[in-house]
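Here's an informal walk through one structure, written for someone who likes to check the numbers against the coordinates. Have a look at the model first, then read on.

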Amino acid sequence: MTDGVDPPVLPASVPDRIPETVATYLRLRGLDPSPRAYRKRRRRRGEDDENQPFTPGRDPHGIGDVLSALTRESGWEPQLAREDVVRAWDEVAGADTAKRTRPVAFADGVLTVQADSTAWAKQLQLMRAQILSEIVRRYPEAGVDSIRFLGPDVPSWKWGPRTIPGRGPRDTYG
């Protein structure tokens, strides 16, 4: 070398066991390239396979695959499937039906759907099997076991601040 510093001299057996690139790196870092330290590091690297290139499971994945794995591992699939049923209600029940109905609740495997009129609620009760089979076919993870159809919310005369016991003034309509 031209700067007047001689490189450290290695024993004759060391270059046989340590690759020259590793030995050069260790010398540049000021470390002694001993075969014993090199073997220890090699063994440790062999145990930690998840960071090694070209090992199984290291291929890049698409964002859809990553999100699917995340939702599956987190246990979010049933809730997301129920949200999909609500989001795609017009596809599941049909466009005409979806205009006059809306899913309002989901509890214990029962999907509650509210209709605009009692006639629509009764008609949907007759179509219950068809709608339920479509939901189960499209979204099996949702866990929908049955569907309950409700009519519109109408005011009741039985509760409230102005109720009276018995039939009251409504008993003489004629």
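Let's start with a single acidic side chain. Asp-84 is partly exposed, its relative accessible area being 28%. This is a predicted model, by the way, so read every value here as computed from predicted coordinates. The side chain of Asp-84 meets that of Arg-87 in a salt bridge, at 3.6 Å from N to O. Why are these two about one helical turn from each other? Because they sit three residues apart in helix 5, which covers residues 77-87. In an α-helix there are 3.6 residues a turn, so residues three or four places apart point the same way. The Arg-87 end of the pair is exposed, with 59% relative accessible area.

**The salt-bridge network**

How many salt bridges are there? The count comes to four. Glu-91, Glu-134, Arg-137 and Arg-138 are linked in a network of such bridges. Arg-138 pairs with Glu-91, with the closest N and O atoms 3.3 Å apart. That pair links distant parts of the chain, as Arg-138 is in helix 9 and Glu-91 is in helix 6 (residues 89-93), 47 residues apart. Arg-138 also has a partner in Glu-134, where the closest N and O atoms are 2.6 Å apart. Unlike a link between distant parts of the chain, this one stays within helix 9: Glu-134 and Arg-138 are four residues apart there, about one turn of the helix.

Arg-137 belongs to helix 9 too, which runs over residues 128-138. Its side chain makes a polar contact of 2.7 Å with the side chain of Glu-134. Arg-137 also has a C-alpha 9.9 Å from that of Val-92, although the two are 45 residues apart in sequence.

Here are three of the pairs with their closest N to O distances:

| Pair | N to O distance |
|---|---|
| Arg-87 and Asp-84 | 3.6 Å |
| Arg-138 and Glu-91 | 3.3 Å |
| Glu-134 and Arg-138 | 2.6 Å |

Are the network residues buried or exposed? Arg-137 is exposed, at 57% relative accessible area. Arg-138 counts as partly exposed at 31%, and Glu-91 is partly exposed as well, at 48%.

**A nonpolar patch on the surface**

Now for some greasier territory. Ile-63, Val-66, Leu-67, Leu-70, Trp-76 and Leu-80 make a nonpolar surface patch of about 580 Å². Which element gives the largest share? That would be helix 4, residues 63-74, with four residues of the patch. Ile-63 is one of the patch members and is found in helix 4. Its relative accessible area is 64%, so Ile-63 counts as exposed, the cut-off being over 50%.

Helix 4 also passes a quick geometry check. With twelve residues at 1.5 Å a residue, it should span 16 Å, and its end C-alpha atoms are indeed 16 Å apart. Just after helix 4 comes Gly-75, with a positive phi of about 80°.

**Another positive phi**

Asp-108 has a positive phi as well, near 55°, and this residue is not a glycine. Most residues other than glycine have a negative phi. Where is Asp-108? In the loop between strand 1 (101-107) and strand 2 (110-115). At 79% relative accessibility, Asp-108 counts as exposed.

**A buried threonine**

For contrast, take Thr-97, which is found in helix 7, residues 95-100. At 7% relative accessibility Thr-97 is buried, because buried means under 20%. What does Thr-97 touch? Leaving out residues up to four places away in sequence, Thr-97 touches Trp-120 and Leu-124.

**Zooming out**

The protein has nine helices and three strands. Along the sequence they follow the pattern α-α-α-α-α-α-α-β-β-α-α-β. Of its 174 residues, 21% count as buried. About 13,600 Å² is exposed, and carbon and sulfur atoms supply 53% of that. As for contacts, take those between residues at least 6 apart in sequence: 47% of them join residues at least 24 apart.

Notes. Residues are numbered from 1 along each chain as its sequence is written. This is a predicted model: local features need pLDDT of at least 70, side-chain atom pairs count only at pLDDT 80 or more; totals for chains, interfaces and linings use all residues. Side-chain values use heavy atoms; hydrogens and water are left out. Patches are made of residues with over 30% relative accessible area and no salt bridge: like charges are joined within 9 Å, nonpolar side chains (Val, Leu, Ile, Met, Phe, Trp, Tyr) within 5 Å. Accessible areas come from the Shrake-Rupley method with a 1.4 Å probe; for residues, only the protein chains shown count as cover. Buried means under 20% relative accessible area, exposed over 50%, partly exposed in between (1.4 Å probe, protein chains only). The expected span of a helix is 1.5 Å times one less than its number of residues. A polar contact is a pair of N or O atoms within 3.5 Å; within protein, one must be able to donate a hydrogen and the other to accept it, and residues adjacent in sequence count only if both atoms are side-chain atoms. Contact means heavy atoms within 4.5 Å.
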